[in-house]
Each structure stands twice: as structure tokens, then as C-alpha cells.
Amino acid sequence: MQVITIVQTKGGSGKTTTAMLLASAALDAGRRVTLIDGDVNAQLGRWRDSFELAAWETVKKPAWPEALSILSPPETVEGLLSLLEGEEARGVDLVVIDTRPGTHTDTEDFCLISDLVLIPARPVFAEWEMTHRAVLWMDDLRASIAEGERFPAVRVLVMDASEDHRCRHAGRGSQPSPEARPGRLD
Ligand SMILES: Nc1ncnc2c1ncn2[C@@H]1O[C@H](COP(=O)(O)OP(=O)(O)OP(=O)(O)O)[C@@H](O)[C@H]1O
Ligand SMILES: [Mg+2]
């Protein structure tokens, strides 16, 4: 079982979207997935709610995927570790933890029990600046743990925005190039 935590110091940078995309891709590949909603705003919980509340008149309502669970995080690290043990025991392949923006200790706890920390960023100045902060934060966290202790891999996930308005206004067409599709992992 792999555990991925999504972090960013900046709000609205695509953390929850990344968590949902990763879960969807893993489900498509036949994996069992658990999302942990580590953000007090509970955006992921609302994903499930909006699925239930959507107007399904014109399209037949599909079943919520049995292989996808959305859970709230336990309050302690011990609780989190035992939740992960339980998820592994019931055959979950991937756990993705969404977090709130900022540099919080609860997010650090999520990172420390993960195999991979992903920092989503769109290629615009404000996000690069905050991404740099997030990378330095992860460096500090790595430096704070005892030598030889396990630390997750940390990667910046560059996500292209779906439309480049400058290109459109400059008359170069609104279609993104095949290399610049939304959500592409660079
Ligand atoms: N790669 C992307 N390209 C274009 N728009 C995106 C992309 N990723 C996310 N968005 C949009 O940006 C907005 C913020 O995304 P999202 O809610 O995933 O960010 P977040 O980091 O979880 O925010 P918060 O810090 O408030 O939890 C949403 O409207 C989402 O649809
Ligand atoms: Mg979010």
C-alpha cells in the first residue's frame, strides 16, 4: 500500500483536485483507494455529498465506486497508523491524504507517515514562490527527524492550467498543445 500526502502552503493551489485525480486514475486502473480528508474544510467529503445531490435526471446515476472510501483523519498519530493498518489489511492499494493550506503540525504528521509528499503547483509566479516555501518546509521537517529515520520522497507536481488566455488573445489559438493538457504530470 502506498500513502501519498498532498501539501501546499498556498490555498487554492490544486491539492484537493490532485487528490481526486489520483484517486480517479487509481480506480480506473482497478485499485482500491482511500482518501483521507485532512483539511478542516472537508472538501473531499463534499465530493461525496455532491455526487449524491447531483441532478441525475438526464444521466442514469452511477453507483459510487465500491473501491473508493473517503475518511476523516483520526485525532492522533497512533490512531492514524492504526487506520492505515486497517486499510492495508482490507486490501487498499493507495491512500491519498488531502491537507489544508499552510504549514501545520497535523500536516507534518501526515507527511511523516507517507511514502510520497506531492506539492501541486501551477506554473505562475505566486505559486512558485509558495512552492519554494513548501519545499523549504519539507527540508526543515526532514532535518528535524532522527538520522536514519524514514522520510517520504518529496516531489513538486507541475499542473498546467487548462487555458492560456495570453495565447488566445495573442491569436495563437485556445487549444493547449498535446504537451500542455490539464493535469499533465511533468
Ligand atoms: N491544474 C489545474 N488547472 C486549472 N484549474 C485547476 C487545476 N487544479 C485545480 N484547479 C482549480 O483551482 C481551484 C482550486 O483547486 P483546489 O480546490 O483543488 O485547491 P486546494 O489547494 O485544494 O484549495 P484549498 O487550499 O482551498 O483547499 C478549483 O476551482 C479547481 O477546479
Ligand atoms: Mg482543498
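1. In this predicted model, contacts across the sequence come first. Taking the contacts of the protein chain with a separation of 6 or more, 78% are between residues 24 or more positions apart.

2. The protein chain has 186 residues, and 27% of them count as buried. Its secondary structure consists of 6 helices and 6 strands. Along the sequence these elements follow the pattern β-α-β-α-β-α-β-α-β-α-β-α.

3. The remaining points concern helix H3, which spans residues 77-89 and has 13 residues. From the first C-alpha of H3 to the last the reach is 18 Å, close to the 18 Å expected at 1.5 Å a residue.

4. Which residues of H3 are buried? They are Leu80, Leu84 and Glu87. They cover an arc of only 60 degrees around the axis, which means that they are on the same side of H3. As a general matter, an α-helix has 3.6 residues a turn, so residues three or four places apart point the same way.

5. What do the buried residues of H3 pack against? Their partners are three strands and one helix, listed here in sequence order:
   - strand S1 (2-6)
   - strand S2 (33-38)
   - strand S4 (94-99)
   - helix H4 (105-112)

6. The face of H3 turned away from its buried side carries exposed residues, namely Glu78, Gly79, Ser82, Glu85, Gly86 and Ala89. Glutamate therefore appears in both settings: Glu87 is among the buried residues of H3, whereas Glu78 and Glu85 are among the exposed ones.

7. After H3 comes Gly91, which has a positive phi, near 90 degrees.

Notes: Residues are numbered from 1 along each chain as its sequence is written. Chains are lettered from A and ligands numbered from 1 in the order in which they are written. This is a predicted model: local features need pLDDT of at least 70, side-chain atom pairs count only at pLDDT 80 or more; totals for chains, interfaces and linings use all residues. Helices (H or I, at least four residues) and strands (E, at least two) are DSSP runs, numbered from the N terminus. The expected span of a helix is 1.5 Å times one less than its number of residues. A residue is buried if 20 or more other C-beta atoms lie within 10 Å of its own, exposed if 12 or fewer, and partly exposed in between; C-beta atoms are placed from the backbone. The arc is that of the directions from the helix axis to the C-beta atoms. Two residues are in contact if their C-beta atoms, placed from the backbone, lie within 7 Å.
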